[in-house]
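Welcome, and thanks for taking a look at this one with me. Please open the sequence and the structure side by side before reading on.

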Amino acid sequence: MQPEVIVVGGGNAGFSAAHAAAERGRRVVLLERGRREEAGGNSFYTAGAVRIVHDGLASVADLLDPDERHAISELPPYPAEQFHADMAKVTGGRNDPELTEVLVSRSQDTLRWLHGKGLRYRLMYERQAYPDETGRQVFWGGLAVGSTGGGKGLIAQHTAAAERAGVEIRYGVRARDLIREGDRVVGVTWTDDTGAEGELRAGSVVLAAGGFEASAELRREHLGEGWQRAKVRGTPFNTGDMLTAAIKAGAATHGDWSTCHSVAWDAWAEHNESNRELTNQLTRGGYPLGIVVNRRGERFIDEGADFRNYTYARYGARILEQPDGLAFQLFDATTRPRLRTEEYDMPGASVVQADTLAELAEGIGVDAAALERTVRQFNASIDRDVPLDLAVKDGRAARVDPPKSHWASPLETAPYYAFPVTCGITFTFGGLRADTHGRVLDPAGAPLPGLFVCGEMLGGLFSGNYPGGTGLTSGAVFGRRAGTLA
């Protein structure tokens, strides 16, 4: 049967578009480039965090799986004003204001809509809360809610919801180009994993096929020399095919094509690209608790500039700039136990442990004198009169160059630990220009009839950095809006 809506891409954004179109009685075919065992796009590889506006725990409790810890949890409200401020802060004000307004204002409502379709959510205690002196779990950084089962659970629940709604999912099908009749987009050409090829036509096409981060050639072209060395955190299938096809069909580009979401990533793990078993566990997000040095034994970032949620997506790029694109996160016996178990105790985690800094330096190939000098200067500069409080920006600073603005703890208690990190690229920020309903626009600002976009292909929301949990929220919000019109 001829579909009425084609969705290209089976991640969170694509499924959200498919749900919305099916809800309106449309016949929907979703094309997923990966085979069923490879499917889910970047969404599969995430921790499942979603950033939403809320008024505290009571306002979202009905969305969450029951948990006895709710009774001892402190979840500060996250108002729309704060969400807007965070978007402007991390992007340097380069975020599209109209898109941002829709993202923020529709964030919780969209999550409720998905919850009504069977998607499940929980508070992310292991990632986003620290216990205070009374034992209460205090959430920080404007982020608390995540998909039950992480990215794997998110895709499983999306898939089940789509199948219940009658969406036809075709796995192992790679969309190659867009078909146009006059000014209207009427379908796609495709190939599949058997070598077959063909055309599929429909009244509307929704593009949700991700950015170009899995293409070393396009990374080098748009992000710059050296980016071909970055490790691909997520799906290997986001190679920019549909971005290229849409631009050829007349779509305008939007947003920052020269930056991306990139994080500190296990540098020495045996299988550290597109790892579907470990997925997000290869991230190394504990740097606010320690210090980070390069191969010269020198610090090069403010590890405590802000909560991890507001810095982690830009520090991968900073690591890539260092010699050999390599750095080391350092902790001692007092800070090591506070690191997230899912990341730092995962099977096969790369780590060097030593009883002295000199031995640690030897183990990671760094000059011992340089490392000892860095640590000595850092320790001596800490304002130890300020109490350490990991759940707030505590002002406990190390006044060195570069400074550490918060959470400065001395490295002085053996054993010492070094976790090697490199740059793991998540997704690219540049994309297509669209209105707030996902209608793709041409360079003159007119809609391209029949063509919609959502997810990482939608340009204009992020530049240089990104508030944690916003990608899945954006995919759901704009996927729903595109599917509602398609």
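Here is a short briefing on the overall fold, the surface and a few residues to look up.

This is a predicted model. Its protein chain has 486 residues, and its radius of gyration of 23 Å agrees with the value near 23 Å that a compact globule of that length would have. Within the chain there are 14 helices and 23 strands.

**Overall fold**
- Taken along the principal axes, the box filled by the C-alpha atoms is roughly 70 × 50 × 40 Å.
- Of the 486 residues in the protein chain, 61% are buried.
- Among contacts with a separation of 6 or more, 73% join residues 24 or more positions apart.

**Surface and charge**
- About 18,100 Å² of the protein chain is exposed, and 48% of this area comes from carbon and sulfur atoms.
- The chain carries 53 positive and 63 negative charges, and the mean positions of the two sets are 3 Å apart.

**Asn 280, a loop residue**
- You will find Asn 280 in the loop that runs between strand E16 (260-266) and strand E17 (291-294).
- Is Asn 280 buried or exposed? Asn 280 counts as buried, because its relative accessibility is 8%, which is under the 20% cut-off.
- Leaving aside residues up to four places away in sequence, Asn 280 touches Tyr 45, Thr 46, Ala 47, Arg 127 and Arg 233.

**Cysteines**
- A disulfide is a covalent bond between the sulfur atoms of two cysteines.
- How many disulfides does the structure hold? The count is zero.
- Cys 423 shows why no bond is assigned there: the closest cysteine sulfur, in Cys 260, is 6.1 Å from the sulfur of Cys 423, which is too far for a bond. For reference, the pair of sulfur atoms would have to be within 2.5 Å.
- Cys 423 is buried, with a relative accessible area of 0%.
- Cys 454 is buried as well, with a relative accessible area of 1%.

**Pro 97 and a distant partner in sequence**
- Pro 97 belongs to helix H4, which covers residues 97-105.
- With a relative accessibility of 63%, Pro 97 counts as exposed, since the cut-off for that label is over 50%.
- Pro 97 and Gly 460 are 363 residues apart along the chain, and their C-alpha atoms are separated by 8.9 Å.

Note on methods: Residues numbered from 1 in each chain as written. Predicted model: local features only at pLDDT ≥ 70, side-chain atom pairs only at ≥ 80, totals over all residues. Heavy atoms only, no water. Helix = DSSP H or I, 4+ residues; strand = E, 2+ residues; numbered from the N terminus. Rg over C-alpha atoms; globule rule 2.2 N^0.38 Å. Buried < 20%, exposed > 50% of the residue type's maximum accessible area, 1.4 Å probe, protein only. Contact = heavy atoms within 4.5 Å. Areas by Shrake-Rupley, 256 points an atom, 1.4 Å probe, with all protein chains shown as cover. Lys, Arg positive; Asp, Glu negative; His and termini not counted. Charge placed at Lys NZ, Arg CZ, Asp CG, Glu CD.
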